[in-house]
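Trainee: I would like to go through some of the labels on this model and hear the reasoning for each.
Mentor: Go ahead and ask.

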Amino acid sequence: MFRMNSVISFKMSPYKMNNYFKCSHVCLYSCHAVQESLLSSASGFSNYRGILNWCVVMLVLSNARLFLENIIKYGILVDPIQVVSLFLKDPYSWPAACLIIVSNVFILAALYTERRLAVGTISETTGLILHIFNLSCILVIPAATALTVTSMTSVGGVISLGIYTVLFLKLYSYKDANRWCREIRQAKANGYMYYFVFAPTLCYQLNFPRSSRIRKRFLMRRLLEMLFLMQLLVGLIQQWMVPTIQNSMKPFQEMDFSRMVERLLKLAVPNHLIWLIFFYWFFHSSLNFMAELLQFGDREFYRDWWNSETVTYFWANWNIPVHKWCLRHFYKPMLRKGTNKFLAQSAVFLVSAFFHEYLVSIPLRMFRLWAFMGMMAQVPLALFVSRFLNGNYGNAAVWISLIIGQPVAVLMYVHDYYVLHYGSSA
């Protein structure tokens, strides 16, 4: 203390020393100031990393308990041979693969039509008719094949129809973008076509942004992620989802409401975990792998949808390629024609609902419209959340709709499929 006071007296003037000792004397008794509790929103405190880590630890421990309970109850259900049967009924019949190969016909038809339009050998009206016919065939032919060819499995149907849906959106964009270029006298349909078909985008343009080189380490990381997460998804579905769904059939048949809710909540956990893993596998690992391989520069495949405070923000940010297509080729053209924003947004949801039902009902060979109604229910839900819920409450509502809404649709389809195919034998 003597040494510290000596230093102070050496460096401070008598006036400053007097003030220093006064402040020191006051500080001995004053230990309070005007401030908010850290958990209050008015405090401005935002570092909740420790709480987030706690949530992650609790989530891992709770799911580990559920997984251990599942192993004890059912044993090991993961069967790689059974996975093959999901794609093939007959080892000598590959209808889904044949459909994918045939898709080249529609790609070349679109390219041929645009080349004829570019040189002026066919009129714009004729080109439009050819494009409409080609696009209609893209939706009708695989659907008819999935409904009539008995050797096509449901999983094979989903994959082939998914590829044809992506092709439909790409060729629609290809048609529109080339027409816009012709309107400003800048049109050239070139061999660039197959690059666009494989590129991780749905919106065509004459020149895409390109990266300078292929990063081999980045490419290998994405490839390993794809392989590992695919195995993890299949294992979780076989080990966790399937038994839970099978045990849910009896409460739904007996219309036991309390048991139905219990089954729904039990299914919500593995369903949501599988959905999150699928999101990372597809939108981060797979699309980045394709982009890196093709040196495709635009890697914005998703935005921060997990922070969504409204339903519309979620749908606009979790799948950026589809959002850009809807904005460019559907939403903005409707606005330019005088349609108000609400009707244009509802029309976008209507188109999305159609494709969701298209990708579910046709491979299952039954039409129940659960996916369609689930998507259209997003319109009133979006209005409710945006009007009555803000901030964290809105974000919680979005998460609840994702966690609960998806297993409801899954159970509805599985129940109807079970009743349709096995109800009489049961």
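Trainee: Why is Glu309 called partly exposed?
Mentor: This is a predicted model, to begin with. Glu309 has a relative accessible area of 40%. Buried means under 20% and exposed means over 50%, so a value of 40% makes Glu309 partly exposed.

Trainee: Where is Glu309, and which residues is Glu309 in contact with, leaving aside neighbours within four places in sequence?
Mentor: Glu309 sits in the loop between helix 11 (257-294) and helix 12 (311-317). With those neighbours left aside, Glu309 is in contact with Val385, Gly391, Gly394, Asn395 and Val398.

Trainee: How far apart are Glu309 and Val351 in sequence and in space?
Mentor: They are separated by 42 residues in sequence and by 23 Å in space, C-alpha to C-alpha.

Trainee: What makes His356 partly exposed?
Mentor: Its relative accessibility is 34%. That is not under 20% and not over 50%, so His356 counts as partly exposed. UniProt, in an unreviewed entry, places the feature "active site" at His356; such annotations may be inferred rather than shown by experiment. His356 lies in helix 14 (residues 341-364) and, apart from neighbours within four places in sequence, is in contact with Ala371 and Met375.

Trainee: Why is helix 14 called oblique to helix 16?
Mentor: The axes of helix 14 and helix 16 (residues 378-388) come within 10 Å and cross at roughly 135 degrees. That angle is not over 145, as roughly antiparallel would require, and it lies outside 65 to 115, the range for roughly perpendicular, so helix 14 is oblique to helix 16. Phe342, Ser346 and Phe349 of helix 14 make the contact with Gln378, Val379 and Leu383 of helix 16. Of the residues in this contact, four are nonpolar, two are polar and none is charged.

Trainee: How many aromatic pairs are there, and how do you know that Tyr204 and Phe208 are edge-to-face?
Mentor: The count is 36 aromatic pairs. For Tyr204 and Phe208 the centres are 6.3 Å apart, and the planes are 80 degrees apart. Centres within 6.5 Å make a pair and planes over 60 degrees apart count as edge-to-face, so both conditions hold. Tyr204 is buried because its relative accessible area is 1%, and Phe208 is buried because its value is 8%.

Trainee: What makes Phe314 buried and Trp315 partly exposed?
Mentor: Phe314 has a relative accessible area of 3%, which is under 20%, so Phe314 is buried. Trp315 has 23%, between the two limits, and is therefore partly exposed.

Methods: Residues are numbered from 1 along each chain as its sequence is written. This is a predicted model: local features need pLDDT of at least 70, side-chain atom pairs count only at pLDDT 80 or more; totals for chains, interfaces and linings use all residues. Side-chain values use heavy atoms; hydrogens and water are left out. Helices (H or I, at least four residues) and strands (E, at least two) are DSSP runs, numbered from the N terminus. Buried means under 20% relative accessible area, exposed over 50%, partly exposed in between (1.4 Å probe, protein chains only). Contact means heavy atoms within 4.5 Å. Axes are lines fitted to C-alpha atoms, for helices over the stretch in contact, and angles run from 0 to 180 degrees between N-to-C directions. Angles under 35 degrees count as roughly parallel, over 145 as roughly antiparallel, 65 to 115 as roughly perpendicular and the rest as oblique. Ala, Val, Leu, Ile, Met, Phe, Trp, Tyr, Cys and Pro count as nonpolar, Asp, Glu, Lys and Arg as charged, and the others, Gly among them, as polar. Rings of Phe, Tyr and Trp (its six-membered ring) pair if their centres lie within 6.5 Å; planes under 30 degrees apart count as stacked, over 60 as edge-to-face and the rest as tilted.
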